[in-house]
Amino acid sequence: MKKEPILYVVVPCYNEEEVLPETTKQLKEKMQKLIKEKKVSTKSKVMYVNDGSKDKTWNLIKGINQKEPLFTGITLSRNRGHQNALLGGLMTAKKYADVVISMDADLQDDINAIDGMLDKYKEGCDIVYGVRSARKKDTWFKRVTAESFYKFMKVLGVDVVYNHADYRLTSKKVLDNLENFKEVNLFLRGIFPLIGYKTDVVYYERNERFAGESKYPLKKMLNFAWDGITSFSVKPLRMICSIGFIILFISIIIMLYSLIRKLTGNTVDGWTFLSISVWFIGGLQMISIGIIGEYIGKMYNETKQRPRFIISENLEEKE
């Protein structure tokens, strides 16, 4: 009979002192239930990842670790962003676990979906995506922009799971292969589908944030979306080329039209048209240069091969 898998739940944390006690309470109940039902091993744990928090998050994690054997944690040397913190947690947890589930600390991800993920894992799935069944609790703006982002990524040819964030189950085998992806510009939602293996989804309804403020304001969400687009698709560059040919075609038509007007003696001053054309072409050129610059900048960051995260303390090694 196959033994129960060792499960580690990786939870990135940045300034989460308000929500962490309740997150710990709910995850403790869930983990104890899973162990009691023999769905996971008694060696299973929750691993908090402190992403350079400025509040008391790391002190809370250390206190929880001392009182609760089900909880452990690591802290990064500085704030590295959600994706790097998540990667640091995954790469650390895979040393101790057979299967890892990643989720956010704000309790918006329904922890009861963990049961369904483990069932899919026992059926042979190496990756199980937590997918939102609806976005009724989102604001109109957030719902429209989020859904538009996923659709746009599909148009660009990026293989992403619709309405999936970073709530997922991954086997140790998958994480071993994830380690081979060395890019600095991380967009894990796009990387996991590239790894392959048998996958499935578990649908859940996302909750309201329990406490505190969102760590992803509009500016960060836009930057994150742009990173995802430029890290996994070169279509924006091809679009620039296509637009260039279209403008060339239009300019030839305008040139022929102007010559005909000149030859027929119907020349008319066209300062308005000329000024609009100049500003339009100039703006388009600047945007094009900016897009190309984004790709060159990403290449520059990749060639330096700097570490994506540095762990300054690992509570698991002290036990």
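Q: Before we start, what do buried, partly exposed and exposed mean here?
A: Buried means under 20% relative accessible area, exposed means over 50%, and partly exposed lies in between, with a 1.4 Å probe and protein chains only.

Q: And what kind of model is this?
A: This is a predicted model, in which local features need pLDDT of at least 70 and side-chain atom pairs count only at pLDDT 80 or more, while totals for chains, interfaces and linings use all residues. Residues are numbered from 1 along each chain as its sequence is written, and side-chain values use heavy atoms, with hydrogens and water left out.

Q: How many helices and strands does the protein have?
A: There are 10 helices and 8 strands. These are DSSP runs numbered from the N terminus: helices are H or I with at least four residues, and strands are E with at least two.

Q: What share of the residues is buried?
A: Of the 319 residues of the protein, 44% count as buried.

Q: Let us look at strand 4. Are its faces covered or open?
A: Both faces of strand 4, residues 99-102, are covered. V99 and I101 are buried on one side, and V100 and S102 are buried on the other. In general, side chains in a regular strand alternate between the two faces of the sheet.

Q: Which way does strand 4 run relative to strand 1, parallel or antiparallel?
A: Strand 1, residues 7-13, pairs with strand 4 in the parallel sense over 4 bridges. Pairing requires that DSSP find at least two bridges between two strands. V100 is the bridge partner of Y8.

Q: What about strand 6?
A: Strand 6, residues 164-171, runs antiparallel to strand 4, and 4 bridges join them. There, V100 has T170 as its bridge partner.

Q: How many residues of strand 5 are buried?
A: In strand 5, residues 127-132, 6 of the 6 residues are buried. I127, Y129 and V131 lie on one side, with V128, G130 and R132 on the other.

Q: Which residues stand opposite V128?
A: In strand 6, V128 stands opposite L169, and its bridge partner in strand 7 is D200. Strand 5 is joined to strand 6 by 4 bridges in an antiparallel arrangement, whereas strand 5 and strand 7, residues 199-204, are parallel over 6 bridges.

Q: Switching topic: how many salt bridges are there?
A: The count is 10, where a salt bridge is a side-chain nitrogen of Lys or Arg within 4 Å of a carboxyl oxygen of Asp or Glu.

Q: What is the partner of D115?
A: D115 forms a salt bridge with K30, at 2.6 Å from N to O. D115 lies in helix 4, residues 113-122, and K30 in helix 1, so the pair ties together parts that are 85 residues apart in sequence.

Q: Are those two buried or exposed?
A: D115 is buried at 12% relative accessible area, and K30 is buried at 6%. Both belong to a network of salt bridges that links K30, K33, E37, K39 and D115.

Q: And which residue does K94 bind in a salt bridge?
A: K94 forms a salt bridge with D176, the closest N and O atoms being 3.0 Å apart. K94 is in the loop between helix 3 (82-93) and strand 4, while D176 is in helix 6 (residues 172-178), so to speak of distance along the chain, they are 82 residues apart. K94 is buried at 9% relative accessibility, but D176 is partly exposed at 32%.

Q: Which residues touch the most others in the largest nonpolar core?
A: L7, V11 and Y48 do, in a core of 34 residues. A nonpolar core is a set of buried Ala, Val, Leu, Ile, Met, Phe, Trp, Tyr and Cys residues joined through side-chain atoms within 4.5 Å. A second, separate core of 27 residues includes I6, M47, I127 and L178.

Q: What does V11 touch?
A: Leaving aside residues up to four places away in sequence, V11 touches L27, V46, M47, Y48, V49, M103, D104 and A105. Contact here means heavy atoms within 4.5 Å.

Q: Last one: how many residues of helix 3 are buried?
A: In helix 3, 12 of the 12 residues are buried, so it is largely enclosed by the rest of the structure.
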